[in-house]
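Q: Please take a close look at the largest pocket. Then place the pocket in its setting: the enclosed spaces, the helices and the surface.

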Amino acid sequence: MSVFSQLAESSKQNPFSLPVRSGNCASAVSAPGQVEFGSGKYYAYCALGGVLSCGITHTAIVPLDLVKCRIQVNPEKYTGIATGFRTTIAEEGARALVKGWAPTLLGYSAQGLGKFGFYEIFKNVYADMLGEENAYLYRTSLYLAASASAEFFADILLAPMEATKVRIQTSPGAPPTLRGCAPMIYKAEGLTGFYKGLPPLWMRQIPYTMMKFACFEKTVEALYQYVVPKPRAECSKAEQLVVTFVAGYIAGVFCAIVSHPADTVVSKLNQDSQATAGGILKKLGFAGVWKGLVPRIIMIGTLTALQWFIYDSVKVALNLPRPPPPEMPASLKAKLAAQQ
């Protein structure tokens, strides 16, 4: 039996299968014609949505990512976004702006599979452990734990291609293609060359993903409660996707800020085969690790919004259950009423 199937059986037994979106058991039942919630097929489609959302968006912004990385590793030469674009084009031509697109596509597609697919799994497994009422009361902690667990595995999938991408984009003399650069790294450094940036990658991506999912979930909840003038059930799918995009952008801004220092360290590590995280932090200092923050806020805000939009659109297209924001379980309402 596959991992997806085993976890699917576990989550289907959970009386609160949609812990973070709803507070009653009835809503956990899939509508006629929908993919069964918690099934292996459901999780596989969620993973596919993650592949598309992360692979497409990260590949689309390769030029901005390239300039951001160059600002981080050589701030004296690349002093800002505009200067970075001008210098790159002047020295290497416009085609240089798409350097690293192949490892970006492969690496972030794999990461998206782990990020979104395992988030859905861990969210329901942890909810099953907590029980219906605690899953509602501590839903923010549930989002944080599920997203951190998912990202731990997602980064293992991402690390080799991230190392290759940064080497292509920032190291003078490095082969400009995946098929040239990856063998060079392996020949010179072995597998260590692909994974030496994994610890700082975890430092960057786990806080980023915890913020991405928890902030998104809570922002969606707040938008429907305080901003959207009608209940979610009365909103069209297009209107719901607009809410998804707005919540995703807000989450993305916070993501960029909390993860930026580690992102700078990762870029420096992957540029220089002899560098260490401690040495880089000592050399850069507090101010140095924040270089490139503005382009990264623009990049990550847009990126996160588009990722959530694509992911939710895939769920709509594949007819996956998309439960509403959470409501207090009836049993908890009764307990609170009895105490009054």
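**The largest pocket and its surroundings**

A: The largest pocket has a volume of about 300 Å³. The model behind this value is predicted. Eleven names need no ranking here; the lining consists of E221, Y224, Q225, P231, R232, A233, Q240, P324, P325, P326 and E327. Three consecutive prolines, P324, P325 and P326, are among them. So are the charged side chains E221, R232 and E327. Helix α10 gives the most to this lining, with three residues.

Now the enclosed spaces. There are five cavities of 30 Å³ or more. The largest cavity has a volume of about 170 Å³. Its lining takes in 18 residues. Nearest the centre of the largest cavity lie H58, Y108, R204, M299 and I300. Five elements each give two or more residues to that lining: α3 (62-73), α5 (101-130), α7 (139-170), α10 (198-227) and α13. Helix α10 therefore links two parts of this account: it gives the most to the lining of the largest pocket, and α10 (198-227) also gives two or more residues to the lining of the largest cavity.

Next, the frame. The protein chain has 14 helices and zero strands. Read along the sequence, the pattern is α-α-α-α-α-α-α-α-α-α-α-α-α-α. Of the 340 residues in the chain, 52% are buried.

The UniProt record adds an annotation. Under "transmembrane region" it lists residues 47-67, 95-114, 141-161, 200-220, 241-261 and 297-317. Two of these spans can be checked against the geometry. In residues 47-67, the end C-alpha atoms lie 30 Å apart, and the span is 95% helix and 0% strand. In residues 297-317, the end C-alpha atoms also lie 30 Å apart. That span is 100% helix and 0% strand.

The surface carries a nonpolar patch. V242, F245, V246, Y249, I250, F254, L306 and F309 form it, with about 620 Å² of accessible area together. Helices α11 (237-271) and α13 (293-317) each supply at least two of its residues. The largest share, six residues, comes from α11. One of the patch residues, I250, is found in helix α11. I250 counts as partly exposed because its relative accessibility of 35% falls between the cut-offs of 20% and 50%.

Helix α13 holds another residue to inspect, V294. Is V294 buried or exposed? V294 is exposed, because its relative accessible area is 56% and exposed means over 50%. V294 also has a partner far along the chain. Its C-alpha atom is 9.1 Å from that of G80, although the two residues are 214 residues apart along the chain.

For contrast, take a loop. A174 sits between α7 and α8 (178-189). A174 is buried, because its relative accessible area is 14% and buried means under 20%. The C-alpha atoms of A174 and I185 are separated by 9.5 Å. Along the chain, these two residues are 11 residues apart.

Back to the starting point. The pocket of about 300 Å³ takes its main contribution, three residues, from α10. The cavity of about 170 Å³ has R204 among the residues nearest its centre.

Technical notes
Residues are numbered from 1 along each chain as its sequence is written. This is a predicted model: local features need pLDDT of at least 70, side-chain atom pairs count only at pLDDT 80 or more; totals for chains, interfaces and linings use all residues. Side-chain values use heavy atoms; hydrogens and water are left out. Patches are made of residues with over 30% relative accessible area and no salt bridge: like charges are joined within 9 Å, nonpolar side chains (Val, Leu, Ile, Met, Phe, Trp, Tyr) within 5 Å. Accessible areas come from the Shrake-Rupley method with a 1.4 Å probe; for residues, only the protein chains shown count as cover. A salt bridge is a side-chain nitrogen of Lys or Arg within 4 Å of a carboxyl oxygen of Asp or Glu. Helices (H or I, at least four residues) and strands (E, at least two) are DSSP runs, numbered from the N terminus. Buried means under 20% relative accessible area, exposed over 50%, partly exposed in between (1.4 Å probe, protein chains only). UniProt positions are given in the numbering used here, feature names are shortened, and annotations may be inferred rather than shown by experiment. On a 1 Å grid over the protein atoms alone, a cavity is a set of points where a 1.4 Å probe fits but cannot get out, and a pocket is an open set with protein on both sides within 12 Å along at least five of seven lines; lining residues have an atom within 4 Å of a point. Grid points are joined across faces, edges and corners, and a volume is the space filled by probe spheres set on the points.
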